Amino acid sequence: MHVPDAASPSVFIVVTTFNRVGHLRELLASIAVLDPAPAGVVVVDNASTDGTADLLAELDLPVPLIVHRLPDNAGGAGGFAAGMARALAEGAEWLWLMDDDVVVFPDALASFAPWMPRYSCIHGRRYDSAGEPFFWQHILNEALGVHLPVRGDVFARSRVFHTNVGCFEGMLVAADVVRETGLPDARFFLNGDDLTYGWLISQRHPVAYVDAFVLRKTRAQRQVDLRVRHLNDSSNLSRFCGMRNRGHLARYLRLHGRHSAVAFGVGTFLSAAKEVLRLVAVERSLSGLSALWRGWRAARVILKDPDWQPEPPLAPLSGPSGRQGGTE
């Protein structure tokens, strides 16, 4: 399998955006000065109504800009699924995925270069909007169906931390892995789609979190510091989707023989408790409880749906992972 380096014209950036034209403008300005530059940028406009279409029509980037406008808002999951499909159609061999509320550092692709021959799914580090390192070091506990924080400095002994979850705010993934895994499941809409996608990849390939800062978040969020991790504010839509999508996660775990009904039920209780804590500690409101309840009921329907099917691969599955990756 050919493994291009970061300077290869096969690296495409895939951005999903919805009604955040100011943040999108900042992101695209940062992409314009990337050195080395990507081969192209695919922006999925999730039916924005705030001037995003005008910005994309007028923008002059030094690399090809491909605008893929959806007729309806398909959420982050549907947006990335559409954008990744478009990037593959454009000949991408690597896809760098990101939300619209970040900026990239000029040397970001160069920072990824040493890792690309060893890994096919890579996450770099990022700062929050205040310039502090953003906590992203989790492992999915398969029994509970909950991603749990890993305490301490995961880079104390190695510049790479192996995980089994993904994040669409910076995942760099090889196109052959996307074809093998399939596109993200658009039914998630948002919340848990990237975590599950990373887990599916990890069943055949190592998923790497590397000690290289490549992004900074530009959208400030209310949060509380729990020492082990930060707890950010959320929305009722995200709460509903997060609880509902546990139904989809459980179905994927079942397919791989990793689902325990009792343990997963405990995980559902813990997930709901975390959201209640978020409501009380961060948002100072209990108005989101109904969204949690509706999401739980929707998950029960998914768990019992006889017609549920997983997102299919785009290519026949090959043998075990080609890149194993070590430590450094």
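These legends accompany close-up views of a predicted model.

**Figure 1. Overview of the protein chain.**
The predicted chain is built from 9 helices and 13 strands. Of its 328 residues, 51% are buried. Among contacts with a separation of 6 or more, 81% are between residues 24 or more positions apart. The accessible surface amounts to about 14200 Å², and carbon and sulfur atoms contribute 55% of that area. The structure contains 0 disulfides.

**Figure 2. Strand β6 and its two partner strands.**
Strand β6 spans residues 121-127, and because 6 of its 7 residues are buried, the strand is largely enclosed by the rest of the structure. With strand β10 (residues 171-174), β6 runs antiparallel, and 3 bridges join the two. C121 has V173 of β10 as its bridge partner. Pairing with strand β11 (residues 207-217) is parallel and extends over 5 bridges. There, Y127 is matched with R216 of β11. In a regular strand, side chains alternate between the two faces of the sheet.

**Figure 3. The D211–R125 salt bridge between β11 and β6.**
The side chains of D211 and R125 form a salt bridge with an N to O distance of 3.0 Å. D211 belongs to strand β11 and R125 to strand β6, so that the pair, 86 residues apart, links distant parts of the chain. D211 is partly exposed, since its relative accessibility is 25%. The two strands that carry these residues are also the ones paired in the parallel sense over 5 bridges.

**Figure 4. The E169–K217 salt bridge.**
E169 and K217 form a salt bridge in which the closest N and O atoms lie 2.9 Å apart. E169 sits in the loop between β9 (160-163) and β10, whereas K217 is in strand β11; the two residues are 48 residues apart and link distant parts of the chain. Both ends of this bridge count as buried because they fall under the 20% limit: E169 has a relative accessible area of 8%, and K217 has a relative accessibility of 5%.

**Figure 5. The D101–R20 salt bridge and the network around it.**D101 forms a salt bridge with R20, and the closest N and O atoms are 3.7 Å apart. The pair links distant parts of the chain, with D101 in the loop between β4 (94-99) and β5 (102-104) and R20 in the loop between β1 (11-17) and α1 (21-31), 81 residues apart. D101 counts as buried because its relative accessibility is 1%, while R20, at 26%, counts as partly exposed. D101 and R20 belong to a network of salt bridges that also includes D100, R126, E169, K217 and R219. A search of the whole structure gives 13 salt bridges. Side chains of opposite charge can pair when their charged atoms come close.

**Figure 6. T52 and its surroundings.**
T52 lies in helix α2, which covers residues 52-58. Its relative accessible area is 0%, so T52 is buried. Leaving aside residues up to four places away in sequence, T52 touches T17, N19, R20, V21, L24 and D45. One of these contacts, R20, is also the salt-bridge partner of D101.

**Figure 7. Backbone features at N19, A47 and P36.**
N19, in the loop between β1 and α1, has a positive phi of about 50° although it is not a glycine. N19 is partly exposed because its relative accessible area is 28%. A47, in the loop between β2 and α2, also has a positive phi, near 60°, and is a residue other than glycine. A47 counts as buried, since its relative accessibility is 16%. The peptide bond from D35 to P36 is cis, with omega near 5°. P36 is placed in the loop between α1 and β2 (40-45).

**Figure 8. A nonpolar surface patch with F269.**
V262, V266, F269 and L270 make a nonpolar surface patch of about 410 Å². F269 is in helix α8, residues 261-283. With a relative accessibility of 60%, F269 counts as exposed.

**Figure 9. Two buried cysteines.**
C167 counts as buried because its relative accessibility is 8%. C241 is buried as well, with a relative accessible area of 1%. The structure has 0 disulfides.

How values were computed. Residues numbered from 1 in each chain as written. Predicted model: local features only at pLDDT ≥ 70, side-chain atom pairs only at ≥ 80, totals over all residues. Heavy atoms only, no water. Patch = residues over 30% accessible without salt bridge, like charges linked within 9 Å, V, L, I, M, F, W, Y side chains within 5 Å. Areas by Shrake-Rupley, 256 points an atom, 1.4 Å probe, with all protein chains shown as cover. Salt bridge = Lys/Arg side-chain N within 4 Å of Asp/Glu carboxyl O. Helix = DSSP H or I, 4+ residues; strand = E, 2+ residues; numbered from the N terminus. Buried < 20%, exposed > 50% of the residue type's maximum accessible area, 1.4 Å probe, protein only. Disulfide = S-S within 2.5 Å. Pairing = 2+ DSSP bridges. Contact = heavy atoms within 4.5 Å.
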